[in-house]
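Me: Could you take a close look at one part of this protein for me? I would like a connected walk through a single helix and what surrounds it, with a word on the cysteines at the end.

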Amino acid sequence: MHKRIALASDAMRCSTCMLNEICLPLGMPNQDLSKLDELVKERIRLLKGQALFHLEDEVDAIYALRTGCIKAQLEDASGQVQITGFLLPGEIIGMDGLLHNRHVSHAIALEDSEVCVMRLDDLDRISATVPALQQQLRRLMSKEINRAHTLMMNLGSLRSEQRLAAFLINMSQRLATLGYSPYEFILRMSREEIGNFLGLTLETVSRLFSRFAREGLLKIQQREVLLLDLDALYQLAGVEPLD
């Protein structure tokens with residue numbers, strides 16, 4: 001059972017949240033930000049391992065991850081699992097279920113996490129008077145499509161070492177956007193989960209981490225990672241560094 005938290009009148013809202021520059025309000029005019037404050041009326045706290053929603057659950061809201069980390073995964077009738085993404089704070093969960101109003105994946109907390117709840121009825125009502133919100137929703141849908149395309153390309157065309165390098169670069173960039181170090185961070189997911197996401201075995205992921213360490217690209221201790229040569233990782237992955 002989810003722990004739901006109704007927001008008091010003095011609680012932090014979209015207009016004052018430290019994540020509003022990377023979350024739903026990204027780039028919205030200041031005069032529209034205050035109108036978003038009535039969008040989030042409650043939050044949900046998840047314990048590690050708890051599901052926010054399951055495949056085929058009815059969609060009545062989308063969610064903005066406020067703290068923690070959540071994985072999205074598919075599961076077939078035989079119990080075979082495929083992880084399709086790892087969500088970090090400021091990112092939106094559940095957009096891919098809007099087409100048929102059914103969630104197309106499971107969303108499971110990798111650590112204790114908290115999400116802001118945005119009810120679809122409230123999104124429809126507010127977007128009618130805030131055109132910028134409609135633009136934001138289209139941007140998020142486009143971002144979700146691009147993420148899926150990138151995953152397909154990585155799994156289909158990149159060598160195993162390129163996949164892991166690209167994964168580490170992606171985590172580095174996203175954490176830097178949140179204000180964290182792009183060089184030193186903790187992986188919230190296990191090596192087995194990384195392998196599942198990248199289409200690699202646990203043994204291959206472990207071997208590649210050891211190889212990267214021997215080659216001086218990184219240091220790794222359990223889940224603590226220190227990237228020593230980010231430029232070399234970019235070159236290995238075939239990714240252009242961000243300006």
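**Helix 6 and its surroundings**

Reply: Happy to, and please keep in mind that this is a predicted model. The buried residues of helix 6 are covered by parts that include helix 4 (160-177), helix 5 (191-198), strand 11 (218-221) and helix 7 (230-237). The residues under that cover are Thr204, Val205, Leu208, Phe209 and Phe212, each of them buried. Looking down the axis of helix 6, you find its buried residues within an arc of 135 degrees, so they line one face of the helix. On the face turned away from that buried side sit Glu203 and Arg214, which are exposed.

The length of the helix can be checked too. Helix 6 has 13 residues (residues 202-214), so at 1.5 Å a residue it should span 18 Å; the C-alpha atoms at its ends are 19 Å apart, which agrees. Just after helix 6 comes Gly216, with a positive phi of about 80 degrees.

Now for the cysteines. A disulfide is a covalent bond between the sulfur atoms of two cysteines. With a cut-off of 2.5 Å between sulfur atoms, the count here is zero disulfides. For Cys69, which is in no disulfide, the nearest cysteine sulfur is that of Cys23, 15 Å away. Cys69 counts as buried because its relative accessibility is 1%. Cys116 is in no disulfide either, and its nearest cysteine sulfur, that of Cys17, lies 6.3 Å away. With a relative accessible area of 11%, Cys116 is buried, given that buried means under 20%.

Note on methods:
Residues numbered from 1 in each chain as written. Predicted model: local features only at pLDDT ≥ 70, side-chain atom pairs only at ≥ 80, totals over all residues. Heavy atoms only, no water. Helix = DSSP H or I, 4+ residues; strand = E, 2+ residues; numbered from the N terminus. Expected span 1.5 Å × (residues − 1). Buried < 20%, exposed > 50% of the residue type's maximum accessible area, 1.4 Å probe, protein only. Arc of directions from axis to C-beta. Contact = heavy atoms within 4.5 Å.
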